Amino acid sequence: QRDRETERQRDTIAKLVDLQKPLISPMLKKNDGTAWSNFWGGYDLLSWSYTRSGDYDNIFSETVRGVFPVSCTRNMYLVTRSLALSMRDWEVYDSAHFDPEISLCKSLHEHSVPMFISNERSWGGSSGTGADGG
């Protein structure tokens, strides 16, 4: 059982790396019937608070499958080495106004780095908390 899970994790990482995106997340959902996921389709430009985008429901429900640009991704993401090296010089964390993941998303937007979510396959679930995902 453990070997199978380790192989699944390696396969997940390999598939995400193959997509060649600067920051990509597998879409994760809570398995409790809510519309919680680890991505935001939209955000308010002034407050950086969550807003639902027009395509969120189709991506979340997997009516459409693929790799999609998103406003913010949370809980799990894969970042290229070159992006990680660039980020060393950024002021990423704004603890006075945002939690760490929102600060990261805001910083990526300020540096014109796109974020992507993949729902090409079922990647698994999340035990993420909070009403602001989705």
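In the predicted model, the secondary structure of the protein chain comprises four helices and eight strands. Read along the sequence, these elements follow the pattern α-β-β-β-β-α-β-β-β-α-α-β. Of the 134 residues of the chain, 37% count as buried. The accessible surface of the chain amounts to about 8,000 Å², and carbon and sulfur atoms account for 49% of that surface. Among contacts between residues at least 6 apart in sequence, 75% join residues at least 24 apart.

One disulfide is present in the structure. The bond joins C72 to C105, with an S to S distance of 2.2 Å. The two cysteines belong to distant parts of the chain: C72 lies in strand β6 (residues 72-73) and C105 in helix α4 (residues 100-110), a separation of 33 residues. The disulfide is right-handed, because the torsion about the S-S bond of C72 and C105 is about 80 degrees. Both C72 and C105 are buried.

The aromatic side chains were examined next. A pair of aromatic rings is described by the distance of the centres and the angle of the planes. Two aromatic pairs were counted in the model. F39 and Y56 form a tilted pair, with the ring centres 4.8 Å apart and an angle of 40 degrees between the planes. This pair also links distant parts of the chain, since F39 is located in strand β2 (residues 39-40) and Y56 in helix α2 (residues 56-60), 17 residues apart. F39 has a relative accessibility of 0% and therefore counts as buried. Y56 is likewise buried, its relative accessible area being 0%.

Y56 also pairs with F60, and here the arrangement is stacked: the centres are separated by 5.6 Å and the planes by 15 degrees. Both Y56 and F60 lie in helix α2, four residues apart, which corresponds to about one turn of the helix. F60 has a relative accessible area of 13% and is therefore buried, the cut-off for this class being under 20%. Through these ring pairs, F39, Y56 and F60 are linked into a cluster.

Lysine side chains are placed over two aromatic rings, those of F60 and F116. The charged end of K29 sits over the ring of F60, at 4.7 Å from the ring centre. F60 thus takes part in the stacked pair with Y56 and also lies beneath the charge of K29. K21 is positioned over the face of F116, at a distance of 4.5 Å from the centre of the ring.

A further set of contacts involves M87, a residue of helix α3 (residues 81-87). M87 counts as buried, because its relative accessibility is 17%, against a cut-off of under 20%. When residues up to four places away in sequence are left out, M87 touches V92, L104 and L108. M87 and L104 are 17 residues apart in sequence, and their C-alpha atoms are separated by 9.7 Å in space. Helix α4 spans residues 100-110 and carries C105 of the disulfide.

Technical notes. Residues are numbered from 1 along each chain as its sequence is written. This is a predicted model: local features need pLDDT of at least 70, side-chain atom pairs count only at pLDDT 80 or more; totals for chains, interfaces and linings use all residues. Side-chain values use heavy atoms; hydrogens and water are left out. Buried means under 20% relative accessible area, exposed over 50%, partly exposed in between (1.4 Å probe, protein chains only). Contact means heavy atoms within 4.5 Å. A disulfide is a pair of cysteine sulfur atoms within 2.5 Å. Rings of Phe, Tyr and Trp (its six-membered ring) pair if their centres lie within 6.5 Å; planes under 30 degrees apart count as stacked, over 60 as edge-to-face and the rest as tilted. A charge sits over a ring if NZ of Lys or CZ of Arg is within 6 Å of the ring centre and within 35 degrees of the ring normal. Accessible areas come from the Shrake-Rupley method with a 1.4 Å probe; for residues, only the protein chains shown count as cover.
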